[in-house]
Amino acid sequence: MDTPSLNRRDVLKVSLAGTAAAALPFQAILKAATASTLASSKMPKPFVAAFKAPPVLEPVARDDVPGDSYGKVPDDYVPVPGNAHRPGEPIKGSAYIGTDYYRITETNVQAQIAPGMWTKMWSYNKSIPGPTIRSYIGRDANGNKAPRRTVMQVINDLPVKHPTLGYVPWTSLHLHGSPSKPQFDGYAGDLSNPGEWKNYEYPNSCAPRTLWYHDHGVHHTAQNVYMGLAAQYHLVDRELEQALEIPQYDPSLPPVAPGQYEAPLILSDVILSADGQLVFDDSGEDGLYGDIILVNGVPWPNMKVEPRKYRFRMLNGSLARGYQLRMSNGMPMKLIATDGGFMQFAQDVTTFRIGMAERIEFILDFKDLKGQKVQLLNDGVDNATDYDNTNKIMQFEVGTKVSSTANNKAPGQLGAPHPAMMLKAADRKTVRQMELHRSNSMWKINDQTWDDVVRSNYTRLFANPARDDIEIWEITNNGGGWFHPLHIHLVDFKVLTRDGLPPMPEERGPKDVVYIAEGETVRLLMKFEHEDGRYMIHCHNLSHEDHDMMLQYQVGHHDIDCDAINSCPPKALPAPDLVPAQPPAAPAAPVDDSSSGSSTESTSTQATSTESTSTESTATGSTTPATATTTTEGGGQ
């Protein structure tokens with residue numbers, strides 16, 4: 001099997017050779033009414049196909065055993081003199097009250113985008129988009145709100161070569177929006193080849209929010225996401241949602257059903273060939289702009305709704321297309337959450353912009369539209385290529401009856417402010433400048449690329465803040481002809497200003513992606529908390545990221561407990577079963593053998609037993625027995 005090359009240019013030669021036959025000339029695309037070469041009779045028509053939502057995935061196992069362990073130091077680790085880490089020792093992290101275990105298989109699937117035609121795609125668990133995962137915040141033994149850990153076993157069952165582009169589809173799963181340890185963050189160089197598996201462990205230790213999981217394999221993120229490797233992940237505070245009485249997901253109902261008043265909306269766009277297959281054309285690494293808009297994998301769907309309030313969790317999952325959205329009748333949209341969770345105060349708007357990888361939660365009220373149809377439209381953004389029907393997103397067909405009036409509010413205040421929104425610029429330790437630009441046909445950050453990071457053996461850093469440092473990052477897009485949605489892993493940040501002006505309504509909440517338009521300068525304020533280690537910074541135009549607009553920074557220390565590549569490497573199939581942890585056995589009752597005159601011996605024996613139990617508990621992650629640790633911890637176990 002081919003292995004990943006550290007030379008970016010070698011990889012590009014393979015990709016470009018594979019795309020040459022299928023790609024359309026860039027100038028032709030700019031002038032064309034469509035990009036797809038489908039016959040007009042085969043092109044999907046707007047607002048005909050029924051709205052669908054991905055299935056919600058159930059865990060294959062779960063436990064209620066609290067702990068703070070996230071894998072263990074690899075058995076083959078050679079200790080460094082003076083280093084406290086030893087092979088087999090647990091790696092500590094955020095506390096959790098239990099664990100949910102999921103199995104995700106990356107594999108082939110066929111999807112119907114054009115009527116009567118099957119499109120070959122890749123998927124998580126044969127779903128396009130992948131299945132939604134929902135993790136619920138609970139309460140610990142002291143009654144405090146606390147998260148459950150997620151262990152996600154990811155199996156790469158993709159073909160050994162992409163069918164048309166010819167590359168090896170190595171993958172790296174990134175849970176976007178999660179304060180994960182570096183070894184579980186989907187680091188671009190932490191690669192699982194076909195025939196390998198890895199367990200990713202997520203702390204869910206952040207504010208409730210809409211996250212998403214997607215591929216992050218170096219140099220082929222765009223192609224892998226385009227093929228279908230993307231899905232939503234919801235961290236849910238059910239108590240807060242009930243108190244707010246906002247529309248919310250009902251787990252007793254299918255994802256689309258009467259009475260289901262919360263829905264995911266994953267936007268994407270594709271180009272289809274004459275035989276209905278995906279065409280990957282990123283216009284000379286500028287970005288892929290499709291002429292068919294998909295919502296949850298369905299072209300321009302029609303969603304039947306009731307005349308009441310609905311909550312939508314929107315993700316822009318496109319590779320390069322930004323959207324400026326509005327309702328066809330001008331009705332208001334109440335924005336309630338951004339990338340990092342709920343805003344303190346909802347924002348009432350009639351239009352909002354959403355760049356790639358950004359998430360917006362909003363409420364629409366259809367109560368005055370009984371029996372009518374209304375459309376969600378796209379006015380487009382600068383530096384994107386538009387086609388005949390890319391100004392349309394989806395349609396809502398409003399019925400006349402309401403199944404339930406419960407959880408039908410849209411409050412103006414949504415609780416306490418997110419911690420990122422409480423940060424003060426005066427408390428920053430330093431201000432850093434970042435320039436996004438293109439030179440010598442290379443996408444760069446501060447005149448550097450990911451290739452520079454690789455050549456440094458992954459040691460080159462943009463910044464090295466200490467844990468809990470507060471910084472301002474000033475980001476400028478000096479390029480002409482493109483915008484950059486910049487994603488900073490690990491942290492949530494506050495948008496301070498945009499060209500000296502206040503942030504737009506859709507970014508007045510916690511963010512992890514910021515839209516940097518042509519010629520703009522945006523100032524961000526962030527606190528480097530949660531974890532130590534190295535994390536990526538990159539443009540979320542995925543063709544820009546792949547070619548090579550990505551750097552890294554390091555919080556605190558870097559060692560085997562947080563090494564993105566070496567702490568938990570993938571392993572060859574078969575993958576072990578996911579076995580939930582078991583509560584520790586109750587200590588044995590003391591034996592009363594005073595009559596034998598051996599009370600001193602008995603006491604000594606009991607003390608030895610207690611010490612042994614304590615040692616085993618520590619070595620396996622507080623309460624996880626050794627047998628479970630082997631199969632539930634990271635892929636390197």
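**View 1. The largest nonpolar core of this predicted model, centred on its phenylalanines.** The largest nonpolar core has 102 residues, and those with the most contacts inside it are F312, F352, F362, F366 and F396. The largest share of this core comes from strand β14, which supplies 5 residues. The structure shown here and in the views below is a predicted model.

**View 2. The surroundings of F312, and the second core.** With residues up to four places away in sequence left out of the count, F312 touches A263, L265, M303, I360, E361, F362, L364, F366 and F396. Among these partners, F362, F366 and F396 are themselves listed with F312 as residues with the most contacts inside the largest nonpolar core. A second core, separate from the largest one, has 41 residues and includes V218, F462, W473 and V495.

**View 3. Strand β25 and the two strands that pair with it.** Strand β25 spans residues 392–398 and is mostly covered, since 5 of its 7 residues are buried. Strand β17, made up of residues 302–305, pairs with β25 in the parallel sense over 4 bridges, and within this pairing V305 of β17 has V398 of β25 as its bridge partner. Strand β24, made up of residues 373–378, runs antiparallel to β25 and is joined to it by 5 bridges. Here the bridge partner of K373 is E397 in β25. As general background to such a view, the side chains of a regular strand alternate between the two faces of the sheet.

**View 4. The largest cavity and the residues around it.** The structure holds 6 cavities of 30 Å³ or more, and the largest of them has a volume of about 80 Å³. The lining of the largest cavity consists of A53, P54, V56, T132, R134, H234, Y249, P255, E262, A263 and P264. Strand β14, which covers residues 262–270, gives the most to this lining, with 3 residues. Sorted by class, the lining of the largest cavity has 7 nonpolar, 2 polar and 2 charged residues. One of the lining residues, A263, also appears among the residues touched by F312.

**View 5. The largest pocket and the elements that line it.** About 720 Å³ of space lies in the largest pocket, and of the 40 residues that line this pocket, I113, I128, N296, G297 and V298 are the closest to its centre. Each of β4 (99–111), α3 (221–226), β14 and β16 (298–299) supplies at least two residues of the lining, with β14 giving the most, 5 residues. The lining of the largest pocket has 26 nonpolar, 10 polar and 4 charged residues. Strand β14 thus recurs across these views, as it gives the most to the lining of the largest cavity and to that of the largest pocket, and also supplies the largest share of the largest nonpolar core.

**View 6. The second largest pocket.** The second largest pocket has a volume of about 430 Å³. This pocket is lined by 22 residues, of which A207, P208, P417, H418 and P419 lie nearest its centre. By class, the lining of the second largest pocket divides into 13 nonpolar, 4 polar and 5 charged residues.

**View 7. Two cis peptide bonds in loops.** I128 and P129 are joined by a cis peptide bond, for which omega is about -15°, and P129 has its place in the loop between β5 (119–124) and β6 (133–136). I128, on the other side of this bond, is one of the residues closest to the centre of the largest pocket. The peptide bond from H547 to D548 is also cis, with omega near 15°, and D548 is found in the loop between α6 (542–546) and β34 (550–555).

**View 8. Two residues with positive phi, one exposed and one buried.** N440, a residue other than glycine, has a positive phi near 50° and is found in the loop between β26 (430–439) and β27 (442–445). Because the relative accessibility of N440 is 71%, this residue counts as exposed. L490, likewise a residue other than glycine with a positive phi, has a value near 80° and lies in the loop between β29 (484–488) and β30 (493–498). L490 has a relative accessible area of 8% and is therefore buried, the limit for that class being under 20%.

Terms used. Residues numbered from 1 in each chain as written. Predicted model: local features only at pLDDT ≥ 70, side-chain atom pairs only at ≥ 80, totals over all residues. Heavy atoms only, no water. 1 Å grid on protein atoms, 1.4 Å probe; cavity = no way out; pocket = protein on both sides within 12 Å on 5 of 7 lines; lining within 4 Å. Points joined across faces, edges and corners; volume = space filled by probe spheres on them. Nonpolar A, V, L, I, M, F, W, Y, C, P; charged D, E, K, R; others polar. Core = buried A, V, L, I, M, F, W, Y, C linked by side-chain atoms within 4.5 Å. Buried < 20%, exposed > 50% of the residue type's maximum accessible area, 1.4 Å probe, protein only. Contact = heavy atoms within 4.5 Å. Pairing = 2+ DSSP bridges.
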